[in-house]
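Visitor: I'd like a close look at one part of this protein. Please start there, then work outwards.

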Amino acid sequence: MKRKILSAFAAITTLLFASCSMFNTIDSNEENNIQESACITIGVEQGARTALPTVGAAQDFDTFSLTGTATTGNAVSVSETWASDATGTAYAKMTASSIAVTAGATYSFTLTAKKGGVTYQGSAEKQIAQGTNSLSFTLSLTSLSTDGEGAISVTLTVPGSVKAASAALTSIDGMTTLSPENASLTFADGKASYTASDIASGNYALTFTLWGDEAKTLKLGEWKEYAGITDGLTSTSAPAIAGTDELESIYQITLNTNGGTLTGTTAGSYTRFSDTITLPTSTNITKNANVFKGWKETDSSGNAAGETITSISSGSVGDKTIAAQWTESGIYTAGETFYINVDAGAQPASGNGAW
């Protein structure tokens, strides 16, 4: 039986810990019975929030949980959880808390933050000194929910020659068109804005059709954005077409996730005038029991070829089909024997361990 696991991903934001004195003690010297004290309070560096793919600010997280276990010495353990409710946000409660720790002990801390269908986590080790301590964490995206519903909000800026726009939300392969009951498309002041909610978690493509007349008889081109929807969050983007001449050569980007799940949005179209487009990284694409290895362009037969790419450079031209590359990483069982695949390779014939 194969047990699925999710791999950890790129760093998202930095959280800082500061401490104050408190009564908790440890016998650091049995003969002299020397007692020391310390505690920690928690804060978040808001300047890093823009790196979060789907959570706008620390205040938006539903819960924060902190655990801490001493790896040396005789010390108290830490286990605290803060949840948003009518009395305040989880963030506000966390930053207002003062948490007892034991001075002189070395701790292994783990901080977990959750919002809707995503979970972020970070860990750090620190030897606690008496008095003030500081501790920094790096949170990484660790899981994405494929259950529940999310939302999308995309605003496309277009040149003045565009007089109208229409939009369609489809499955990522374009075969199925969705019709969310609360979908809305507006066009004003050179901006086409599409919003919809209550969308089942999954991968989708949003395609804008641009028209040179209000009656929508003169088609100028199409612009596509990919959207990864996950529970309780809104996937957003704000692409722009800078000039009229770009409408004659809008190239399509076809992403094959090979079973992966996206979060947030990424460009599905470009022109030779577009800025360099960064392809989704391990921060916003996951696949159960697999490690993301990057993207490769595919040939006419659909086979991945050439070197791994991370972006489409400004000045590029032509439609592109790009496939996600994965390496299996999971836990396998055969009878009572467990096998752990940490990166690549085949399941061993016998024995326990990693390969």
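Visitor: In which loop does Asp189 have its place?

Guide: Asp189 sits in the loop between β12 (184–188) and β13 (191–200). A strand here is a DSSP run of E of at least two residues, and a helix is a run of H or I of at least four; both are numbered from the N terminus. Before going on, note that this is a predicted model, in which local features need pLDDT of at least 70, side-chain atom pairs count only at pLDDT 80 or more, and totals for chains, interfaces and linings use all residues. Residues are numbered from 1 along each chain as its sequence is written, and side-chain values use heavy atoms, with hydrogens and water left out.

Look at the backbone of Asp189. Its phi is near 55 degrees, a positive value in a residue other than glycine. Most residues other than glycine have a negative phi. Asp189 counts as exposed because its relative accessible area is 80%. The cut-offs, with a 1.4 Å probe and protein chains only, are under 20% for buried, over 50% for exposed, and partly exposed in between.

Now move along to Asp198. This residue is not in a loop: Asp198 lies in strand β13. Asp198 also has a positive phi, about 55 degrees, although it is not a glycine. Its relative accessible area is 53%, so Asp198 counts as exposed.

Step back to the loop before β12. Glu181 is found there, between β11 (164–171) and β12. Glu181 has 85% relative accessibility and therefore counts as exposed. Follow the chain from Glu181 to Ser197, and you pass along 16 residues of sequence. In space, the two C-alpha atoms, of Glu181 and of Ser197, are 8.6 Å apart.

Two other sites can be read the same way. Start with Thr71. Thr71 lies in the loop between β4 (63–70) and β5 (78–83). Thr71 is partly exposed because its relative accessibility is 44%. Thr71 and Ala105 are 34 residues apart in sequence, yet their C-alpha atoms are 7.5 Å apart in space. Thr71 touches Thr106, Tyr107, Ser108 and Glu125, leaving aside residues up to four places away in sequence. A contact means heavy atoms within 4.5 Å.

The second site is Gln252. Gln252 has its place in strand β17, which covers residues 251–256. Gln252 and Thr271 are 19 residues apart along the chain, and 8.9 Å separates their C-alpha atoms. Residues up to four places away are again not counted in the contact list of Gln252. On that basis, Gln252 touches Glu222, Lys224, Gly268, Ser269, Asp319 and Lys320.

Next, the aromatic side chains. Phe61 and Phe64 are both buried. Their rings form an aromatic pair with 5.3 Å from centre to centre. The planes are at 65 degrees, and the pair is edge-to-face. The rule takes rings of Phe, Tyr and Trp (its six-membered ring) with centres within 6.5 Å; planes under 30 degrees apart are stacked, over 60 edge-to-face, and the rest tilted. Tyr120 joins Phe61 and Phe64 in one aromatic cluster. By this rule, the protein has 6 aromatic pairs.

Finally, the whole protein. Its secondary structure comes to 1 helix and 28 strands. The protein has 355 residues, and 44% of them are buried. Take the contacts with a separation of 6 or more: 64% of these join residues 24 or more positions apart. Thr71 with Glu125 is one contact to look at in the model. Gln252 with Asp319 is another. The accessible surface of the protein comes to about 16900 Å² (Shrake-Rupley method, 1.4 Å probe). Carbon and sulfur atoms hold 46% of that surface.

To return to your starting point: Asp189 is in the loop between β12 and β13, and Asp198 is in strand β13.
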